[in-house]
Amino acid sequence: MIVLFNVAIILLPISIYLINLAYNNNYKKRYDKYLLSIILIIEVLFFLFFQELSKSLILINIPLLISYLKRYELTSIFISILIGFYYVFYFNYNIYFIFFEYVLYFVIYLIFAKKSLNILIILYIFIFIKSMILSVEIFYFNINTQSFLYNFLDVVFRMILFYISGYFVLKFLERGEEIMNLNTAMKELEKEKVLRTSLFKMTHEIKNPIAVCKGYLDMLDLNDERKVNKYIPIIKGEIERTLTMMDDYLEYTKIKLNKEVGDIYMLLDEVVKSLNLFFKENNILLKMNIPDEELFLEIDYNRIKQVLINLLKNSSEAYDSKKEQMIIKIDAKKRKKYFELSIEDNGIGMDLESLNQVTDLFFTTKQNGTGLGTSLSKEIIELHGGKIKYESILGLGTKVIIDLPLTE
C-alpha cells in the first residue's frame with residue numbers, strides 16, 4: 001500500500017505538469033523545462049521530509065532518472081546532492097559509496113548523452129548500478145544484520161519495485177507528452193483549416209459585389225443618361241466595398257514576428273515528437289540526423305514551428321503508392337554563417353513546371369489544397385532573413401532546404 005502511495009506522490013505533480021501543457025497553448029519550451037525541473041525537485045523534497053525509511057524509499061531515484069532522461073544536467077546534479085546528503089546525515093550511510101554512486105550515474109549519463117536511448121536501457125543502467133551499490137552496502141557494511149538469503153531477497157525486491165514503478169512513471173510521462181505534443185500539432189493544422197475556410201468566405205463575399213457590378217454593366221446604356229446616373233454610383237459603391245473587404249483581410253492576415261532567442265534543435269525535436277503518433281499511424285519511416293547539442297537563433301518560435309509542421313505534413317501527403325514505404329529524412333547542421341535544415345521524402349515528386357511554381361500564392365497540386373502553405377512558409381523564412389529552396393524529381397521525391405542566419 002505504501003508503494004502505491006509513493007508512486008502516486010510522483011504521478012500527481014507530473015499529471016499537473018501535463019495538464020499545464022494541455023491548457024497553456026503558448027508555452028515556451030524552456031519554461032516547460034523549468035516547470036518540470038521544479039516539479040522533480042519538489043517530489044524529492046517530499047520524499048525526504050515526509051516519508052519514513054522503507055524499501056519504497058528507493059523510488060526517490062525516479063525523479064533523478066527522469067531528469068537524466070530529459071537531459072536536465074543541473075537538475076540532476078542538484079537532486080543527486082539532496083539525496084546524497086539525506087542518506088549520509090540522516091541514515092549514516094557510507095559517504096564514499098553514496099558519492100561514488102551518484103557520480104557514477106552522472107558519468108554514465110555523459111557517456112550516453114550523445115545517443116538517443118530507449119527508456120528501458122536507461123532504466124536497466126540505473127538498476128544495475130543501484131543493485132551493485134546496495135549489495136555492497138548490505139553485505140559488506142552490514143547495514144542489515146539479517147541472514148544472507150533475507151538480504152539477497154531484499155535487494156531483489158527493491159530492484160523489482162524500482163523497475164516496475166520507474167517503468168510505469170516514465171511511460172506515463174512519455175505517453176502524456178506525446179499526446180500533448182500531438183494535440184499542439186493538430187491545433188496548428190486546425191489553424192490552416194480555419195484559414196482555408198476564411199479564404200472561401202472571403203471569395204464568396206467578393207464574388208457578390210463583382211456579380212452586381214457585372215449585372216449593372218450589362219444593363220448600362222451610355223446613351224441613356226438616366227441609367228448612367230443611376231447605375232454608376234451603384235457600381236462605384238460595390239467596388240469600394242470590395243476594396244474595403246480586401247484591405248481588412250490583408251490587415252488581418254499580415255504576418256507579424258515576435259522574435260526571441262530559442263534553441264532551434266530543441267524546437268525541431270519538439271515538432272518531430274508532436275507528429276510521432278501521426279507518422280506511426282500512417283506507416284511513415286522517419287530518419288533523423290540532428291546534433292544532440294544546443295544552437296540558439298533569434299526566431300519567432302511559433303512561426304518557425306508552423307513552417308516545420310507544414311513541411312512535414314506536405315512530405316507525408318506526397319505518398320507514392322508504387323513504393324513499399326514512405327520515408328522522410330531530416331538533416332540539420334550548423335554552417336559557418338547559417339543554420340541549414342533539409343527535409344527529404346521519397347514521395348511522388350514534382351515536374352519542373354510545378355517545382356517553379358511551388359511557392360507561388362494559391363498554387364497547389366493537391367485536390368483540396370489552398371496553395372497558401374508553401375507561400376506562407378517562404379514569407380516567414382524570408383522575414384527571418386533566411387532562404388527556402390525546393391529540389392524535386394518526378395517519381396523520386398522532394399527535398400526542401402532551409403537556411404536561417406546564426407545569432408551573433
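**Close-up views of a predicted chain**

**Figure 1. The whole chain, seen through its contacts.** Residues 24 or more positions apart supply 73% of the chain's contacts that have a separation of 6 or more. This is a predicted model, so please read every view below in that light. The secondary structure adds up to 13 helices and seven strands. The chain has 408 residues, and 43% of them are buried. Its accessible surface is about 23600 Å², with carbon and sulfur atoms holding 61% of that area.

**Figure 2. Helix α3 beside helix α5.** Here we look at α3, residues 61-69, and α5, residues 95-112. Their axes come within 11 Å and cross at roughly 25°. Angles under 35 degrees count as roughly parallel, and α3 and α5 are therefore roughly parallel to each other. The crossing of α3 past α5 is right-handed. On the α3 side you will find N61, L64 and Y68, which meet Y102, Y105, F106 and Y109 of α5. By character, the residues of this contact are six nonpolar and one polar, with no charged residue.

**Figure 3. Helix α4 against helix α5.** Now the partner of α5 is α4, which spans residues 73-91. The two axes come within 9 Å and cross at roughly 165°. Because angles over 145 degrees count as roughly antiparallel, α4 and α5 are described as roughly antiparallel to each other. α4 also passes α5 in a right-handed crossing. From α4, the contact draws on E73, I77, S80, I83, G84, Y87 and V88. From α5 come I95, I98, Y102, F106 and Y109. Sorted by type, the residues of the α4 contact with α5 are nine nonpolar, two polar and one charged. If you flip back to Figure 2, Y102, F106 and Y109 of α5 also appear in the contact with α3.

**Figure 4. Tyrosine Y163 and its surroundings.** Y163 sits in helix α7, which covers residues 148-219. Is Y163 buried or exposed? Neither label fits: its relative accessible area is 27%, so Y163 is partly exposed, given that buried means under 20% and exposed over 50%. Setting aside neighbours within four places in sequence, Y163 is in contact with L120, L123, Y124 and I127. For one of these partners, Y124, the C-alpha atom is 8.0 Å from that of Y163, although the two residues are 39 residues apart along the chain.

Technical notes. Residues are numbered from 1 along each chain as its sequence is written. This is a predicted model: local features need pLDDT of at least 70, side-chain atom pairs count only at pLDDT 80 or more; totals for chains, interfaces and linings use all residues. Side-chain values use heavy atoms; hydrogens and water are left out. Helices (H or I, at least four residues) and strands (E, at least two) are DSSP runs, numbered from the N terminus. Buried means under 20% relative accessible area, exposed over 50%, partly exposed in between (1.4 Å probe, protein chains only). Contact means heavy atoms within 4.5 Å. Accessible areas come from the Shrake-Rupley method with a 1.4 Å probe; for residues, only the protein chains shown count as cover. Axes are lines fitted to C-alpha atoms, for helices over the stretch in contact, and angles run from 0 to 180 degrees between N-to-C directions. Angles under 35 degrees count as roughly parallel, over 145 as roughly antiparallel, 65 to 115 as roughly perpendicular and the rest as oblique. A crossing is left-handed if the near helix is turned anticlockwise from the far one by less than a right angle, and right-handed if clockwise. Ala, Val, Leu, Ile, Met, Phe, Trp, Tyr, Cys and Pro count as nonpolar, Asp, Glu, Lys and Arg as charged, and the others, Gly among them, as polar.
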